[in-house]
Amino acid sequence: MTSTFQDKVLQEDALSTEDYQFLCSIVYKQSRINLGDKKKSFLSSRLLGRRNSLHIDSWKSYCQFLKSTAVETEIDILIDLIATNHTSFFRENQQLKRVEEEIIPTLVDIDRNRLKELKLWSAACSSGEEPYSLAITVSEFFRKNQNLKTNWSVYASDISQKALKIAEKAIYNETKLNLPDPELLERYFSRGLKSYTGKCRIKKSIKDKVRLKRINLFQPIYPLPHKYHIILCRNTLIYFDRKSQELLVSKLYNQLDPGGYLVVGYSDSLALIKHQFKSIGGGFFQKAEAES
Ligand SMILES: C[S@@+](CC[C@H](N)C(=O)[O-])C[C@H]1O[C@@H](n2cnc3c(N)ncnc32)[C@H](O)[C@@H]1O
């Protein structure tokens, strides 16, 4: 069978195993995202637009470019392009319900009203749907328990600048809000008008509770102001190999207050790694209480 000119161009432009491995190693070194050895076409399709916009005509030259220039920003762009930012409002909502109905009441010690400030961290927040859903959940708890005087805040971070920009705007399609209770729409979102018809903006009362920051979960020291009572790190562990999962889980352990909780997604698992948490089921893991 004779190959067409187009086939020949495609073959010549195919990502070689060597270049693929080089790109995977950069991605891994920077983010610990483990692409494995079967994502060649995924990687080339995600990066082709970027390569073309730089007027670089082959993968070899793109890899050379990454090797030769002061490429911190190019590597950040690369991570942005390959990171899977899939998320949604009230994703795995059973977990948020449990936070509202069981975890927060335990933490704030409802009978004695002792906790002065409840601190939460959405540690791979993507485009904001998770931390805003969490903030709405916490706000609902305190709306229903107005006798409590606890202050609260949500920290939200991700490695992806592109995702954080969307989170910062806090404007989402109304059809994607997926609210467990329709009353939440009026309470926490403003509907857009004219060119924003069909869009909703998170109201200031919630937006101001959520502080966004770019953090790589594997950076040596987290630039965080304090330890947390609840950390959500959902649907993210799955992208890392076992060694990295172990490292990350121990870093998150250290970032929790004694007695605090780590929440992972339903598709994440800590079963195959060593860790110090006590599993309490449903993706919830508790750090040991401080010894008195
Ligand atoms: C699939 S999303 C999960 C979002 C949200 N937690 C949820 O469950 O809907 C995974 C997120 O992890 C982020 N991520 C991947 N590697 C990271 C790293 N090394 N540091 C921080 N965030 C990372 C990605 O940018 C992406 O936004």
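**View 1. The salt bridge between D76 and R214.** In this predicted model, the side chains of D76 and R214 pair up as a salt bridge, with N and O 3.3 Å apart. The tally of salt bridges between domain 1 and domain 2 is 1. D76 also turns up among the three residues that lead the area buried by domain 1 against domain 2.

**View 2. Polar contacts across the domain interface.** Zoom out a bit from the salt bridge, and the interface of domain 1 and domain 2 shows 9 residue pairs in polar contact, both partners at pLDDT 80 or more. On the domain 1 side, α2 (17-31) and α5 (72-82) each bring at least two residues to the surface that touches domain 2. Sorted by class, that side of domain 1 is an even split: 3 nonpolar, 3 polar and 3 charged residues.

**View 3. What gets buried where the domains meet.** Together, domain 1 and domain 2 bury about 970 Å², and carbon and sulfur atoms account for 43% of it. Look for R32, D76 and D80 here: they supply 54% of the area that domain 1 buries against domain 2, more than any other three residues.

**View 4. The two domains and their contact.** The domain assignment splits the chain into domain 1 (5-82) and domain 2 (93-286). Their contact draws on 9 residues from domain 1 and 13 residues from domain 2. As for spacing, the C-alpha centres of domain 1 and domain 2 sit 33 Å apart.

Conventions. Residues are numbered from 1 along each chain as its sequence is written. This is a predicted model: local features need pLDDT of at least 70, side-chain atom pairs count only at pLDDT 80 or more; totals for chains, interfaces and linings use all residues. Side-chain values use heavy atoms; hydrogens and water are left out. Domain bounds come from an automatic or database domain assignment. Contact means heavy atoms within 4.5 Å. Buried area is the accessible area (1.4 Å probe) that two parts lose on being put together, summed over both. A salt bridge is a side-chain nitrogen of Lys or Arg within 4 Å of a carboxyl oxygen of Asp or Glu. A polar contact is a pair of N or O atoms within 3.5 Å; within protein, one must be able to donate a hydrogen and the other to accept it, and residues adjacent in sequence count only if both atoms are side-chain atoms. Helices (H or I, at least four residues) and strands (E, at least two) are DSSP runs, numbered from the N terminus. Ala, Val, Leu, Ile, Met, Phe, Trp, Tyr, Cys and Pro count as nonpolar, Asp, Glu, Lys and Arg as charged, and the others, Gly among them, as polar.
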